[in-house]
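Colleague: I should like to go through how certain labels were assigned in this model. Please set each value against its criterion.

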Amino acid sequence: MNLKSLRNPYLYHGRIGKQYFEGWYFKLVDKTMEKAYAFIPGVFFSPNAKHSHAFIQIVDGIGCTYNYLKFPVESFSANRKYFEINIGENLFGSEEVNFNLDHEESQITGSVRFRNHIKWPDSLINPGSMGFYNYILKMQCYSQVTSMDFDLEGAIEYNGKNISFSGGRGYIEKNWGSAFPYSWIWIQCNHFKNYRASISCSLAHIPFLWSCFRGFLIGLSIENDFYKFTTMNRSKVRVNQSGTDVSLYVENSSHQLEIDCKTDEGDFILLNGPRDDQMVPLVQENLKGRVRIKMKETATGKIIIADQGECAGVEYGGDQMMVLD
């Protein structure tokens, strides 16, 4: 790890400790919202060397299929000056993804370019979406919202089928550390009906020093405005869950936000994540969620946004009782 990666959390940090992972999440949805994919490249280092490997996870959110492709650790490389990683002949970065993948389960060629990024605002004191927590060493898991929303241009050929993403929308985030949290909820959507808006919401049970706490990061971009509801800015959150549906009520000193998410249980896909010394099935993911948001000013009651979104990413992991009210 170096100072540049601390200040720019989306960059590759490099192995820290005997057990360590670093992975990036690229969500790409086509113009018609009939194709929704998540591509998750990363690298996992285990104390047991035979479990160490690079990987590309491929999630077809509409078809509800999943492939986990393993590669030798040596096939992974990363640029330390700007966001660009390679696994074999496949490139993932802030400007594009470029596939030249010939695997027995997945054959993908082509490229998709990214334009007009909307970023999570940060500062030197509070870098990235996790803010000053990026400067605290040896946390179990770190998170970074790399791009809240951007436009897509290009196409890929996936197992013989052409998929055009031109006119579509994308989202990128990143996680790194020793393991995923013991419990978390994640919601993301940038396909709203009436506004160019994007929401990213994550809550997790976080071990810290000799104790633990429920931490959360919620960012909402609406056109050219950005709103934060986070542990760092002393926002408060209430969480209710019924089956695979979840509702959140969040408030800070100036705004109140309601998030209601609906899913179908059969649309969830079991993904791999880091736990103990291996990558194991522990992530329940859905890319067909539906979300309603409503935000108003606390002082005046003025409604800033009331809208509903499709192709929402919804993810659960671990013991949900740790993050529910």
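Colleague: What makes the pair aspartate 267 and lysine 288 a salt bridge?

Modeller: In this predicted model, the side chains of aspartate 267 and lysine 288 meet at 3.4 Å, N to O. The criterion asks for a Lys or Arg side-chain nitrogen within 4 Å of an Asp or Glu carboxyl oxygen, so the pair qualifies. Aspartate 267 lies in the loop between β19 and β20 and lysine 288 in strand β21, so the salt bridge ties together parts that are 21 residues apart in sequence.

Colleague: Why is aspartate 267 called buried, and why is lysine 288 called partly exposed?

Modeller: Aspartate 267 has 12% relative accessibility; buried means under 20%, therefore the label applies. Lysine 288 has a relative accessible area of 27%, which falls between 20% and the 50% limit for exposed, so lysine 288 is partly exposed.

Colleague: How do you know that arginine 290 and aspartate 264 form a salt bridge?

Modeller: Their closest N and O atoms are 3.9 Å apart, and the limit is 4 Å, so the pair is counted. Arginine 290 belongs to strand β21 (residues 278-297), whereas aspartate 264 sits in the loop between β19 (255-262) and β20 (269-275).

Colleague: What makes the link between asparagine 67 and serine 106 a polar contact?

Modeller: Their side chains are joined at 2.9 Å, and the cut-off for such N or O pairs is 3.5 Å, so the distance satisfies the criterion. Asparagine 67, in strand β4 (residues 65-71), is buried at 17% relative accessible area, because buried means under 20%.

Terms used:
Residues numbered from 1 in each chain as written. Predicted model: local features only at pLDDT ≥ 70, side-chain atom pairs only at ≥ 80, totals over all residues. Heavy atoms only, no water. Helix = DSSP H or I, 4+ residues; strand = E, 2+ residues; numbered from the N terminus. Buried < 20%, exposed > 50% of the residue type's maximum accessible area, 1.4 Å probe, protein only. Polar contact = N/O pair within 3.5 Å; in protein donor to acceptor, adjacent residues only side chain to side chain.
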